[in-house]
Each structure stands twice: as structure tokens, then as C-alpha cells.
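Here are some comments on the model, set out as numbered points for you to read beside the coordinates. They begin with a single residue and then move outward to the fold and the domains.

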Amino acid sequence: MAETLRAINIKSIDKKEKDKNILLFSIEEGKEWVTLKGVKNPNAKMKLAQSPFCFGEFVIEEGKLGKIVVGFEAIESFHEISEDVDKYFEGTAILEILDKMDFTSTQERARVFLLSIKALKNICFNNIKPLYILDKFLIEILNICGTPLYTEKCSNCGSKSFDKLYINYVTGELVCSGCKDIYCEEFSKTVFSALKILNNTEFEKLSTIKLAENSEKTLLNILVNNFKSRFDVYLKFLGILS
Ligand SMILES: [Zn+2]
């Protein structure tokens with residue numbers, strides 16, 4: 001029986017001469033590999049479906065050797081991201097996160113799915129610094145997973161008087177000077193302010209903010225470290241961190 005999924009193509013690899021295997025991410029099924037047959041043919045009907053970023057309705061059937069796409073209708077190809085070098089790396093970073101993380105509950109998956117579409121739309125069509133969007137995306141994933149980085153109080157003792165802030169790289173949490181130990185490093189006020197602004201601003205409004213110079217880059221490094229300590233997920237972010 002055929003099944004229709006609203007999904008994003010997050011990865012694509014060649015298979016045989018004319019086929020491709022693509023990794024889909026959908027609310028219903030999470031991540032799964034499916035095959036697009038004959039899609040490298042220039043006149044192929046489902047040509048668009050083979051490209052990463054493509055968001056659409058995929059009709060899937062169980063074949064003898066795995067799942068096959070038998071129908072496809074694009075909702076948004078996001079092809080502008082692949083064609084613009086200023087957007088490409090951040091867009092690819094979003095797909096890397098989806099590829100490397102596992103979202104277990106259906107509710108968590110649904111929220112991450114909608115968040116991804118929102119982030120890709122804003123990278124693609126709005127005039128926002130792509131790094132702001134990537135930082136915001138990571139901050140929101142931490143929030144969805146119940147392990148927020150942003151906090152109004154020390155995550156250890158609950159004190160609200162942060163004279164100085166520290167990040168504990170083992171737990172990934174922010175603590176006060178009374179609670180810091182050898183695993184902690186000072187977390188600058190400028191970067192904390194960038195974290196707070198990004199946490200509290202909707203994606204659509206990110207075009208109206210301006211963060212202190214380079215704070216978005218420092219914050220990105222901290223967020224990437226946080227994904228390592230929280231989830232054991234190693235993000236490479238080619239073209240951004242290297
Ligand atoms: Zn404390």
C-alpha cells in the first residue's frame with residue numbers, strides 16, 4: 001500500500017546508473033531512506049525530488065529491495081539555498097543537524113520538523129544573516145529537547161544574581177560564580193546577550209536585530225560544544241567552522 005509523506009530531502013546519494021537514494025525526514029516516519037528510480041534521466045518527472053532541501057509530498061511504496069518513491073509533488077524546493085554561496089553552508093548545516101540527531105517522540109519530531117521548514121524558509125527568502133538563523137535553530141532544538149542553554153538563573157543553585165556567568169562544558173549548563181568548578185569557563189556578557197536576544201526573537205523578526213560583532217560566531221562554537229556534551233552529536237558545519 002502506498003503512503004504519502006510530507007518530507008524534506010536531507011541527503012542524497014547515487015545508486016546505480018540512473019537511480020538515487022535519498023534520506024527523507026517527515027513528521028510521520030522520522031528519517032528513512034527511499035529510492036528514486038531513473039531520476040538522473042534529464043527528463044525524469046520527479047527530478048526535483050532528488051535534491052537536498054527539497055520539501056514536498058512523497059508517495060512511497062514498499063518494493064522488493066526497500067522503499068520506492070512512486071509519486072512526488074514539490075511544495076518548496078528551496079533551490080535558491082543551493083545556488084547562493086552566502087546561504088548554502090548554513091542551509092547545509094541545518095540538514096546536518098537533522099541527519100545526525102535522533103528525535104524519539106512524535107511530538108518532538110513534529111516540532112523539529114516545523115522548525116526546520118521555518119529556518120529554511122527564512123534562510124531562503126528573508127534578508128537575515130544566515131548565522132543568526134543557524135544559532136536560533138540550535139537554541140530552539142535545545143529548548144524542544146528540554147535542555148535549554150538560555151536561562152534566567154544559575155542552573156545549579158537557582159540564584160538570579162549572575163555577577164559573572166560560567167558555562168559548564170560537561171553538563172552544557174550556565175552557572176554562577178559560586179557554582180563554578182574546573183570544567184567551567186567564563187561566559188561573556190556580550191555572548192549571553194546574543195543568546196538572550198536570539199532566544200527571545202521569532203525567526204521572522206531576526207531581520208530587525210543586530211548582535212555585537214562576532215558574538216554570533218562565539219555563540220555558535222558554544223552551541224556546537226553543547227550538542228557534543230548533551231547529545232554526543234559532533235557537528236562539522238563545513239564552510240562555517242572550518
Ligand atoms: Zn549557582
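1. Lys-210 is exposed, because its neighbourhood holds 9 other C-beta atoms within 10 Å, and a residue counts as exposed if that number is 12 or fewer. Please keep in mind, here and below, that this is a predicted model.

2. As for its setting, Lys-210 sits in the loop that lies between helix H5 (189–200) and helix H6 (215–231). In sequence Lys-210 is 78 residues away from Tyr-132, while in space the two are 9.4 Å apart, taken from C-alpha to C-alpha.

3. Turning to the chain as a whole, the protein has 6 helices and 8 strands, and their order along the sequence is β-β-β-β-β-α-α-α-α-β-β-β-α-α. The C-alpha atoms occupy a box of roughly 65 × 35 × 30 Å along the principal axes. Of the 242 residues in the chain, 31% count as buried. Among contacts with a separation of 6 or more, 51% are made by residues 24 or more positions apart.

4. One local feature that can be followed by eye is the hairpin formed by S6 and S7, which has 4 residues between the two strands. Strand S6 (residues 165–168) runs antiparallel to S7, and 4 bridges join them; Asn-168, for instance, has Glu-173 in S7 as its bridge partner. In the turn, Gly-172 has a positive phi of about 80°.

5. Which way do the residues of strand S7 (residues 173–176) point, and are they buried or exposed? Glu-173 and Val-175 point one way from the strand, whereas Leu-174 and Cys-176 point the other way, and all of them are buried. Glu-173 thus deserves a look from both sides of the description, as a buried residue of S7 and as the bridge partner of Asn-168.

6. The chain is divided into domain 1 (3–77) and domain 2 (85–231), and the centres of these domains, taken over C-alpha atoms, are separated by 31 Å. Where they meet, 10 residues of domain 1 are in contact with 11 residues of domain 2. On the side of domain 1 that touches domain 2, the elements giving two or more residues are strand S1 (3–15) and strand S2 (19–26), with the largest share, 3 residues, coming from S1. Sorted by class, that side of domain 1 has 8 nonpolar, 1 polar and 1 charged residues.

Definitions and conventions
Residues numbered from 1 in each chain as written. Predicted model: local features only at pLDDT ≥ 70, side-chain atom pairs only at ≥ 80, totals over all residues. Buried ≥ 20, exposed ≤ 12 C-beta atoms within 10 Å, placed from the backbone. Contact = placed C-beta atoms within 7 Å. Pairing = 2+ DSSP bridges. Domains from an automatic or database assignment. Nonpolar A, V, L, I, M, F, W, Y, C, P; charged D, E, K, R; others polar.
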